[in-house]
Amino acid sequence: MAAAAPAVLSQPRSSKTESYIDNKRKEDIRQANIIAARAVADAVRTSLGPKGMDKMISTANGEVIITNDGATILNKMEVLQPAAKMLVELSKSQDATAGDGTTTVVVIAGALLKQCLTLLSNGIHPTVISDSLHKAATRAIDVLTAMAVPVELSDRDSLVKSASTSLNSKVVSQYSTLLAPLAVDAVLFVVDPAKPEIVDLRDIKIVKKLGGTVDDTEFVKGLVFDKKVSHAAGGPTRMENAKIAVIQFQISPPKTDIEQSIVVSDYTQMDRILKEERNYILGMIKKIKATGCNVLLIQKSILRDAVTDLSLHYLAKAKILVIKDVERDEIEFITKTLNCLPIANIEHFRAEKLGYADLVEEVSLGDGKIVKITGIKDMGRTTTVLVRGSNQLVLDEAERSLHDALCVVRCLVSKRFLIAGGGAPEIELSRQLGAWAKVLHGMEGYCVKSFAEALEVIPYTLAENAGLNPIAIVTELRNRHAQGEINAGINVRKGQITNILEENVVQPLLVSTSAINLATECVRMILKIDDIVTVR
């Protein structure tokens, strides 16, 4: 009987009281997801902060990109693991929301995931961790908002400071004194006083031109075309008191609508065809000239040549300056800037549809030429920034950095609060959340405490990238904050801890709040996943 007893016990229990389920696979998948996502975060961690390293990305088609922008790095990385892809999307959404802080958001997410691994291995349920994260994030945003300093749009210095803080961590940081005021002026120029919170960065056109250095970058109140004036038949290349027409039709002999060929056997008939062509084009040009128009912007045409040699010859005789091959998607920007209407048919060519400018001229730059239109009458709220650079890599990076700076100013225009940079807000959050965790009961307090610890990754990484001793710096930083110095942060240039606001290292509130919001949201999603199903 004694031998039979164990046999009875080892039989499977009835399905009603089934209690033991194999959870190993779910844990494995969670762990795999977290490790993959952390690997992505560690890849961009070294490029955080003013002393961060740059990444060189070599794409499959042999193109090389040198950048420090988290969003660009992750965008170009071929990530296969689905959970790691979420971090790439995370940096994209931070790029869309705030424009800056794309590396920060990924680093915070990576640190949170690391803490989650520890919590999971201690047997805390993922849902509990997830809910605590949400609570802690809400609390963190309240703390940040309490720290923030309000800023006015008329206070140009503050705006320039925050733009230059954004540029400091970029490859082109040595030009921040030039690019930061330029970004601020550009945004303030396109802000509509009636609707100040909406700034459309598409109204700021960035034209890149090789040659010169980044120092030669300029802000143009007008239009710049990266094209040259059509020089056929000796047409004018400079025009004062310009009357500009944007046309979307072709100044060339008409084609038949259907595919067909006409066989001409007689010379007199050929002469007649050519004569008709000439008359047709001359008729068009006379109509154009009659309105007083003297600058033509001609849209690129797919169906047939927008202009022929003959029409260019007549346009030159009529002293009309021609810029051809204007891209279709630029038409909206051009018409908004010139305050004119695009003309789709020669019959609709009227003087009231023209734009007026003081000067249209062709300028030689480097090895190419550009066309500048300045002194536009009743100009729309758009501007152009002409970026120069000694090589293509610097040029692209300058454009990306400028975009980040513009985004920072845009953040400040829409949410007018500044907070300190340099790891100060993160340490303050860490301290306040740590204190709050002691008040909470049960598992929540435990989770919030590890969330608070995770936030220390930003100052730690800043110090690490600057070659300082991270542990000593972060300990000293905690000490300063515990004594009530809210704005104490790491001063990377001096290699010590100072009041960061006085050093003019500031960032918009929106960048930090959206970074914490998006990072926690992403981590919560990764936590909730317990299985990956591949569908063929």
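Reader: Two strands count as paired if DSSP finds at least two bridges between them, so how many bridges do β3 and β14 have, and in which sense do they pair?

Author: β3 and strand β14, which covers residues 417-420, pair over two bridges in the antiparallel sense, and within β14 it is Phe417 that serves as the bridge partner of Pro150. Strands here are DSSP runs of E with at least two residues, helices are runs of H or I with at least four, and both are numbered from the N terminus.

Reader: Is this a predicted model, and what counts in it?

Author: This is a predicted model, in which local features need pLDDT of at least 70 and side-chain atom pairs count only at pLDDT 80 or more, while totals for chains, interfaces and linings use all residues. Residues are numbered from 1 along each chain as its sequence is written, and side-chain values use heavy atoms, with hydrogens and water left out.

Reader: Back to β14, what sheet does it sit in?

Author: β14 is the middle of an open antiparallel sheet with the order β3-β14-β17, where β3 (149-150) and β17 (506-508) are the edge strands, each pairing on one side only.

Reader: And which helix lies across β14 and β17?

Author: Helix α7, residues 156-168, lies across those two strands and runs at about 95 degrees to β17; such angles run from 0 to 180 degrees between N-to-C directions, with axes fitted to C-alpha atoms, for helices over the stretch in contact.

Reader: What's the packing of α7 against α12 like?

Author: α7 and α12 (residues 392-414) pack at about 145 degrees with their axes 9 Å apart, and among the residues making the contact, meaning heavy atoms within 4.5 Å, are Leu159 and Ala163 of α7 and Leu402 and Val408 of α12.

Reader: Changing topic, where else does α12 go?

Author: α12 also lies across β4 and β13, running at about 165 degrees to β4. β4 and β13 (residues 383-389) pair in the parallel sense over seven bridges, and Ile204 has Thr383 as its bridge partner in β13.

Reader: Zooming out, is the whole chain spread out or compact, and why?

Author: The chain has 17 helices and 17 strands. Its radius of gyration, taken over C-alpha atoms, is 31 Å, well over the 24 Å that the globule rule (2.2 Å times the number of residues to the power 0.38) gives for 536 residues, so the chain is more spread out than a compact globule.

Definitions and conventions:
Two strands pair if DSSP finds at least two bridges between them.
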